[in-house]
Amino acid sequence: MVAEERYSAVPTGLKFDVEQVTTGAQASGFGSTEDNRPFAFRVYKSTLYLEIYRADLPTPVPDKSDVTAVSEQSVT
């Protein structure tokens, strides 16, 4: 199953507070959305990948079952 089929799309207009960013060709980072859900992003090749997790995470490190929304965007 393709990720976009398993999870809802990232809501339009959602605001993000970025807490940590690593720059470079394979940039990555994490933070929280305006409704306090954690998120993580990474750049691989020329695509930005974003995952938003559920708000009530049982552990500090989320796994695939905690993902509530995903998005991919070209960054070229």
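Which residue takes a positive phi in the hairpin of E3 and E4? I looked this up after some checks on the model.

**Entry 1: the model.** I am working from a predicted model, where local features need pLDDT of at least 70, side-chain atom pairs count only at pLDDT 80 or more, and totals for chains, interfaces and linings use all residues. Residues are numbered from 1 along each chain as its sequence is written, and side-chain values use heavy atoms, with hydrogens and water left out. I noted that pLDDT is the predictor's confidence in each residue, from 0 to 100. The protein chain has a mean of 83, with 82% of its residues at 70 or more. Helices (H or I, at least four residues) and strands (E, at least two) are DSSP runs, numbered from the N terminus. Among the elements, helix H1 (residues 3–6) has the lowest mean pLDDT, 40, and strand E4 (residues 38–44) the highest, 94. I did not read the low part closely, because predicted coordinates should not be read in detail where pLDDT is low.

**Entry 2: the first hairpin.** I found that E3 and E4 pair in the antiparallel sense over five bridges; two strands pair if DSSP finds at least two bridges between them. Ser32 has Pro38 in E4 as its bridge partner. The residue I wanted is Asn36, with a positive phi near 65 degrees in a hairpin that has four residues between the strands. I noted that most residues other than glycine have a negative phi. Asn36 counts as exposed because its relative accessibility is 61%; buried means under 20% relative accessible area, exposed over 50%, partly exposed in between (1.4 Å probe, protein chains only).

**Entry 3: the second hairpin.** E4 and E5 pair in the antiparallel sense over six bridges, and Tyr44 has Thr47 in E5 as its bridge partner. Two residues lie between these strands, and Lys45 takes a positive phi near 55 degrees. I read Lys45 as exposed, with a relative accessible area of 66%.

**Entry 4: the two faces of E4.** Which side chains of E4 point to the buried face? I listed Phe39, Phe41 and Val43, which are buried, while Pro38, Ala40, Arg42 and Tyr44 point to the other face and are not. The largest nonpolar core (buried Ala, Val, Leu, Ile, Met, Phe, Trp, Tyr and Cys residues joined through side-chain atoms within 4.5 Å) has five residues: Phe39, Phe41, Leu50, Ile52 and Ala69. E4 and E5 each supply at least two residues of this core.
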